[in-house]
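Reader: I should be grateful for a close look at a single part of this protein. Please set it in the context of the whole chain.

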Amino acid sequence: MPEEPKEIEVEVVEIDGVAPVVRQPSADEPARRAEEWRDWRQWQGRVRRLDSRWWPLWVILGIIALALALTVGLVAGVILLIVRLFLNLIRAVLR
């Protein structure tokens, strides 16, 4: 089975008798890019502060993280208790 090409290069000449508008890069392109960069620099302070609209999400995520941490701690404690009891049992049998 022959392999088909993965890319197709197409140039639109006209659609329904109307030629597409070709966008030419304008002279104010560098100015617009500088303006976009200034917009991104303003986000720096916003990222460090938590937005007050999202506090319910942070509360829910905090509760989930706390529950996971407590669960892991409880499982680790139970495993440690079982290991100690097992070692004490072995020590008592060997004496």
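Author: The following account turns to a nonpolar surface patch and its setting. This is a predicted model, in which local features need pLDDT of at least 70 and side-chain atom pairs count only at pLDDT 80 or more, while totals for chains, interfaces and linings use all residues. Residues are numbered from 1 along each chain as its sequence is written, and side-chain values use heavy atoms, with hydrogens and water left out.

The protein has two helices and zero strands, taken as DSSP runs numbered from the N terminus (helices: H or I, at least four residues; strands: E, at least two). About 10200 Å² of the protein is exposed, and carbon and sulfur atoms supply 65% of that area (Shrake-Rupley method, 1.4 Å probe; for residues, only the protein chains shown count as cover).

The patch covers about 880 Å² and is made by Val 75, Ile 79, Val 83, Phe 86, Leu 87, Leu 89, Ile 90, Val 93 and Leu 94. Patch residues have over 30% relative accessible area and no salt bridge, and nonpolar side chains (Val, Leu, Ile, Met, Phe, Trp, Tyr) are joined within 5 Å, like charges within 9 Å. A salt bridge is a side-chain nitrogen of Lys or Arg within 4 Å of a carboxyl oxygen of Asp or Glu. Val 75 belongs to helix 2, residues 55-94, and counts as partly exposed because its relative accessibility is 45% (buried is under 20%, exposed over 50%, partly exposed in between; 1.4 Å probe, protein chains only).
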